[in-house]
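Hello,

I am handing over the structure we talked about. Please look through it below; my notes on what was found follow.

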Amino acid sequence: MKPEDVIEQVIDIATEAGQTIRDIYLKGNFKREMKADNTPVTSADLAAHDIICRQLAELTPDIPILSEEAADIPLSVRETWKRYWLVDPLDGTGEFIAGSGDFSVIIALVEHNRPIMGVVYVPMTKVCYYAIAGLGAYKRDGKNELRITSKQLTGDEPEHLRLAVSRRQDPQSVLKLLNKPNHCELVVMGGAALKSCLVAEGRADCYVRLGPTGEWDTGAAQIIIEEAGGALIDINLQPMTYNERETLENPNFIVVGSTNLPWDMLLTN
């Protein structure tokens with residue numbers, strides 16, 4: 001199976017899950033619980049998880065699925081997977097609960113520990129970002145679709161950086177990582193994947209994430225930003241890895257639109 005053979009079906013699956021999330025969100029009658037890791041989960045997360053996992057299993061019955069809502073699979077099992085689906089049914093559960101509208105559905109296809117296809121669907125705007133390795137990154141908004149590219153900055157020390165930040169994070173904690181914080185314009189957006197997509201389409205220059213995220217938060221975003229001309233790397237500028245550790249928690253990371261900038265000099269660590 002080639003990713004391009006199933007991309008439209010995967011977009012349809014993400015869209016159906018997103019529509020279910022949207023309906024629950026607009027009605028406001030969702031249930032909320034706390035998981036063992038002290039993060040929230042809602043009935044919208046679980047409904048989307050059920051839709052995605054059932055339909056992916058029907059589409060590709062031979063490809064295993066790793067979802068945030070069913071992630072208790074030991075490495076001894078996962079490391080045998082050459083290819084698998086990596087899913088976050090609802091990225092931005094905190095934003096969903098808070099009512100900001102900044103949340104998305106994420107589905108990635110990972111092969112040999114690298115994402116090769118990714119879909120990020122935004123329920124409240126009905127916008128879809130997607131990418132396939134070697135075939136580019138795209139933004140679909142209704143009937144309109146365009147190929148997206150990140151903004152390529154020039155010069156060793158750019159005078160101005162547009163930094164995507166979360167409305168739930170103190171921007172000063174992120175600005176401390178940059179050598180020239182006074183030259184940053186803050187672009188506020190919720191949801192890790194959505195901020196990565198801002199960089200991919202050139203509306204922000206970088207996004208620094210401090211604090212816990214799971215591999216499901218970055219798989220689709222990584223292939224989208226890479227195909228748009230940027231990179232998703234840890235803050236030591238090393239490539240992100242998938243399905244290689246017992247923990248599925250990511251290190252702190254940065255999404256950059258321009259890979260040619262000296263990020264080792266721009267980051268204070």
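A residue counts as buried when its relative accessible area is under 20%, and as exposed when that area is over 50%. By that rule Lys139 and Glu201 are both buried. Please keep in mind that the model is predicted.

Salt bridges

The whole structure holds 10 salt bridges. One of them joins the side chains of Lys139 and Glu201, at 3.0 Å from N to O. Lys139 sits in strand S8 (residues 136–141) and Glu201 in the loop between H6 and S12, so the pair links parts of the chain that are 62 residues apart.

Asp205 and Arg162 form another, with their closest N and O atoms 2.9 Å apart. Asp205 is in the loop between H6 and S12, Arg162 in strand S10, and 43 residues separate the two. Asp205 counts as buried because its relative accessibility is 3%; Arg162, at 15%, is buried as well.

Glu69 and Lys35 also meet through their side chains, at 3.5 Å from N to O. Glu69 lies in the loop between S3 and helix H3 (75–78) and Lys35 in the loop between strand S1 (32–34) and S2, so this salt bridge ties together parts 34 residues apart in sequence. Glu69 is buried at 18% relative accessibility, whereas Lys35 is partly exposed at 21%.

In addition, a network of salt bridges links Glu8, Arg140 and Glu145.

The five-stranded sheet

Five strands make an open sheet in the order S11-S10-S12-S14-S13, and their pairing is mixed. Strands S11 (184–188) and S13 (231–234) are at the edges; each has a single partner strand, so one side of each has no neighbour in the sheet. On average, neighbouring strands are turned by 25 degrees against each other, direction ignored. S13 pairs with strand S14 (residues 253–256) in the antiparallel sense over four bridges, and Ile233 has Ile254 in S14 as its bridge partner.

Two helices pack on this sheet. Helix H6 (residues 192–200) touches S10, S11, S12, S13 and S14, and its direction makes about 155 degrees with that of S12. Helix H7 (residues 215–228) touches S13 and S14, at about 130 degrees to the direction of S13.

Helix H2

Helix H2 (residues 43–59) has 17 residues and reaches 24 Å from its first C-alpha to its last. At its N-terminal end Thr42 acts as a cap, with a side-chain oxygen 3.1 Å from the backbone nitrogen of Ala44. Ala44 is one of the buried residues of H2, which also include Asp45, His49 and Leu56. The buried residues pack against several elements, among them helix H1 (3–27) and strand S4 (83–91).

Regards

Technical notes
Residues numbered from 1 in each chain as written. Predicted model: local features only at pLDDT ≥ 70, side-chain atom pairs only at ≥ 80, totals over all residues. Heavy atoms only, no water. Pairing = 2+ DSSP bridges. Axes fitted to C-alpha atoms, helices over the stretch in contact; angles between N-to-C directions. Contact = heavy atoms within 4.5 Å. Expected span 1.5 Å × (residues − 1). Buried < 20%, exposed > 50% of the residue type's maximum accessible area, 1.4 Å probe, protein only. Polar contact = N/O pair within 3.5 Å; in protein donor to acceptor, adjacent residues only side chain to side chain. Salt bridge = Lys/Arg side-chain N within 4 Å of Asp/Glu carboxyl O.
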